[in-house]
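Reader: I keep meeting terms for how helices and strands pack. Can you take me through some of them?

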Amino acid sequence: MEKIVARLGEKFAALGMAGRCYAGVLWYSSVMNEKTEGILEFDAIRSRVACCSFSEEAKRRILAEKPLVDPDDIRRLKGFVSETVERMKSGDEEKQESLPDIGFLLPKLAVEGASLEPDEAFAIGLFVERGWTLKHWLVPPSSKDTPLRSLAETIPDCTSLAREVFRIFNKDGSLKDLPEFQEINRRIRRLAAELEAAVSRYAGNEESRRMLQSTVPSQRDGRAVLAVKANFRGRIRGIVHEVSATGQTLFIEPEDVVEKNNDILIEKRRLDAEVLRVLRELTTKIAEGREILADFHEKIIGIEIIRAKARYSKDIQGVFAKESENGARDSRIMTLKQARHPLLGRSAVPVDFSMNEGKGAVVITGPNTGGKTVSLKTVGLFALMNQSGLAVSAAEGTSLPVFDDVFADIGDEQSISQSLSTFSAHMINIAAITASASSQSLVLLDELGSGTDPEEGSAIAMAILDFLIEKRVSLIVTTHHGVLKNYGYTREYVENASVEFDSRTLSPTYRIVMGIPGESRAVDIASRNGLQAEIIAKAHSYLNEERADVSSLIAGLKRKHRELDAAAEERRQEEKRLREERRAADLKELRLRQKEVEIKSGEVGKLRKLLDESRKTLENLVREVKEREITRERTLKVKDFLNDLEKSVANEANSLDEEERTLRDQRKEHDNTAQTLADSQPPPPLVEGAEALVASYGQRGTIIRQEKNGWLVEIGSLRMTFPAEELTPVRSAQSVQKQLKPALVVADLSRGSSAVMELNLLGMRLEEALEVLQRQIDDAVLSGLKEFAVIHGKGGGVLQKGVHDFLKKDQRIADFHFSRPELGGFGRTEVALIE
């Protein structure tokens with residue numbers, strides 16, 4: 001199987017395609033233009049997605065991946081990411097645990113006789129345990145049968161390997177006291193007690209105590225030594241291991257302590273050998289399942305990449321772009337609604353943009369600082385994000401086609417070192433684009449034809465457009481050349497667009513108007529930016545009549561466009577008024593008919609009552625007649641009369657029931673029509689001061705302002721932030737008075753905190769180190785820091801053991817364990833606080 005995949009990879013590489021694997025599924029994508037990715041800042045998007053991952057391995061893959069180009073692959077990946085976003089919104093607690101990096105260990109398992117280091121074996125067990133937890137969070141047993149569930153069910157079960165690992169290791173990464181180690185550990189503890197007693201005799205004796213710099217024994221090379229003052233060197237006989245920097249202290253191993261140190265060292269070597277034997281056996285067991293482990297590892301990393309993309313998509317409150325409406329693979333239909341550049345944050349101005357059926361090129365004109373370049377970058381960035389399985393920061397209804405590559409020439413790439421002018425740099429880029437772009441490519445050209453003589457620049461720009469249009473490239477161009485505005489009107493494949501400019505405030509509105517070219521308004525912008533009035537007046541005088549006529553034409557088109565918009569809005573309001581009047585008339589008619597039915601019902605009730613009473617009276621009469629021996633013929637006539645009367649009343653009742661059913665059907669139809677009318681009216685937008693219904697609370701509130709992660713809403717005295725999807729704007733300005741929860745006051749305790757991400761305790765005495773660690777935990781709790789690392793070194797293990805004992809007793813600590821080998825291994829501990 002590996003050989004088959006390798007051969008496939010070689011074939012696709014020969015075709016210029018790069019393969020990668022998500023959760024065991026082989027994906028292929030074209031090697032998209034790396035220069036374009038840099039221009040559009042797609043690398044910054046990838047970095048933000050990578051930061052959402054809990055695996056260093058997944059982060060590296062995210063940073064190296066390229067957008068997909070096959071529509072089926074893109075559809076499938078977006079489906080996985082979309083399902084994961086919904087899983088995150090479900091409210092079930094997500095285990096946000098880091099996944100150790102074990103990819104580099106898998107080749108080691110294939111080497112016969114190899115033995116894993118303790119921290120390496122522990123990392124494999126931790127990866128399997130946390131990966132299995134991630135799988136079960138993503139697709140719980142009760143979940144529906146979805147593509148994501150089908151994908152997760154292909155992940156093999158490696159929990160037996162985790163059980164083998166944690167049979168030997170504790171959850172903090174330390175070795176358990178296995179039966180194989182217990183006898184040796186008992187001998188070490190006994191010898192250590194004897195050694196401590198032997199050393200303590202020097203501190204307990206008055207004569208020898210005055211010779212010591214410290215009564216606390218030290219460790220040198222794993223052996224207990226005494227810190228002896230240099231002038232008493234000959235008084236305590238033994239081996240000198242070290243001399244202090246000042247020469248005032250000698251670290252001596254007394255003669256009566258040497259043998260005990262030797263015994264302890266021998267036992268520790270025995271223990272190391274036994275640990276090595278256990279690790280070899282564990283390595284053998286893990287190696288037996290290395291193929292399953294490799295499959296598990298690959299699929300969990302793929303799932304983690306999907307989870308990182310889902311978390312980013314959820315954080316930006318984005319939507320997944322729909323496919324083009326006609327569904328064709330070569331469709332160029334593109335619609336962006338309320339699109340916001342994802343790197344601009346709250347300062348981004350939403351824009352609408354469309355490329356309709358039959359149009360493949362858009363020429364955008366308008367003033368400087370109007371948002372042309374940002375709009376160009378937003379379109380290109382959205383295309384790359386969409387084909388990477390990410391949501392885009394836009395509104396529902398956004399749709400994008402699939403491109404085989406994206407090319408961009410944006411910005412000034414003038415190079416003095418290469419003797420390139422602005423125009424030359426643009427031409428080099430565009431030459432490469434025209435040579436590489438295909439009918440399935442997206443090309444973005446900013447300020448086409450600029451940097452040279454306007455007349456020649458316009459001619460070159462139109463020639464470039466002709467060439468790219470002939471190749472049926474999807475093309476978006478910005479320019480200030482007036483000739484290109486006319487070019488857009490004379491080409492069926494091309495559509496004009498402009499960024500709107502407010503002539504009253506002399507400032508752009510950042511709104512894109514499709515179908516109308518825009519004016520550059522250079523003179524107005526120069527005036528607004530402080531250029532002297534006499535210079536502005538002179539500039540106006542130099543504008544020729546032809547240019548003035550064109551400007552008047554454009555201004556007239558814009559005015560006509562606004563008039564058409566106003567007329568369309570007026571027509572919509574008139575249609576709404578007429579529908580409301582018709583609804584009121586229908587409702588009045590229904591009420592009249594209902595009243596009529598009620599009257600008839602009352603009359604029929606009276607008839608039924610009369611019938612019952614008449615039946616009793618006539619039956620009595622019949623009985624009396626019988627008693628007087630009246631003939632049978634007369635009796636039958638009386639009964640026939642009663643039956644006829646009953647049938648007449650029944651017919652009247654049936655007629656009434658039928659009319660009631662008809663009335664109910666008409667009322668139901670009327671209600672449905674009213675509901676459809678109400679649904680057809682767009683809800684008011686979410687704006688400051690408006691009222692909105694909060695879905696999770698079932699209450700109305702007033703919108704205060706838009707926050708980074710949603711909208712701040714005031715419900716009575718309570719102010720909380722909600723995402724936009726939880727808020728429904730209400731049409732009525734009336735608020736419903738309900739009992740409200742008291743407001744919460746959150747104190748910011750993070751000011752003045754000295755908590756650090758990595759605490760270095762090297763060189764400190766144990767008591768001093770524990771005091772520093774205590775302050776670190778206190779500061780971390782106050783500042784909201786949930787994780788940090790402690791560097792204690794390996795050494796003799798005194799500081800390491802003291803730190804771990806302290807962490808075990810602190811109720812605020814949720815978990816702690818040794819770091820990965822590349823981060824410090826047993827000399828560094830990762831600490832996690834309780835949420």
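Author: Start with handedness. Helix α22 crosses α23 in a right-handed way. This is a predicted model, where local features need pLDDT of at least 70, side-chain atom pairs count only at pLDDT 80 or more, and totals for chains, interfaces and linings use all residues. Residues are numbered from 1 along each chain as its sequence is written, and side-chain values use heavy atoms, with hydrogens and water left out.

Reader: What makes the crossing of α22 and α23 right-handed?

Author: The near helix is turned clockwise from the far one by less than a right angle; anticlockwise would be left-handed. α22 passes α23 in the right-handed sense.

Reader: Why is α22 called oblique to α23?

Author: α22 spans residues 766–783 and α23 residues 798–809. Their angle is about 40°, and their axes are 10 Å apart. Under 35 degrees is roughly parallel, over 145 roughly antiparallel, 65 to 115 roughly perpendicular, and the rest oblique. Therefore α22 is oblique to α23.

Reader: Which residues of α22 and α23 meet?

Author: Contact means heavy atoms within 4.5 Å. L766, A769, L770, L773, Q774 and I777 in α22 meet V798, L799, G802, V803, F806 and L807 in α23. Ten of the contact residues are nonpolar, two polar and none charged. Gly counts as polar here.

Reader: Why is α3 called roughly perpendicular to α13?

Author: Helix α3 (residues 42–50) and helix α13 (residues 290–315) cross at roughly 105°, with axes coming within 8 Å. So α3 is roughly perpendicular to α13. In α3, I45, R48 and V49 meet A308, K309 and Y312 of α13. That contact has four nonpolar, no polar and two charged residues.

Reader: How do you know which strands stand at the edges of the open sheet with order β20-β21-β23-β22?

Author: Count partners. Two strands pair if DSSP finds at least two bridges between them. The sheet has four strands and mixed pairing. β20 (758–760) and β22 (813–818) each have a single partner strand, so one side of each lacks a neighbour in the sheet. Neighbouring strands are turned by 20° against each other on average, direction ignored.

Reader: How many bridges join β20 to β21?

Author: Three bridges join β20 to β21 (residues 787–791), and the two run parallel. N760 stands opposite I791 in β21.

Reader: Where does α22 pack on the sheet?

Author: α22 touches β20, β21, β22 and β23 (828–833), and its direction makes about 170° with that of β21. α23 lies across β21, β22 and β23, at about 155° to β22.

How values were computed:
Axes fitted to C-alpha atoms, helices over the stretch in contact; angles between N-to-C directions.
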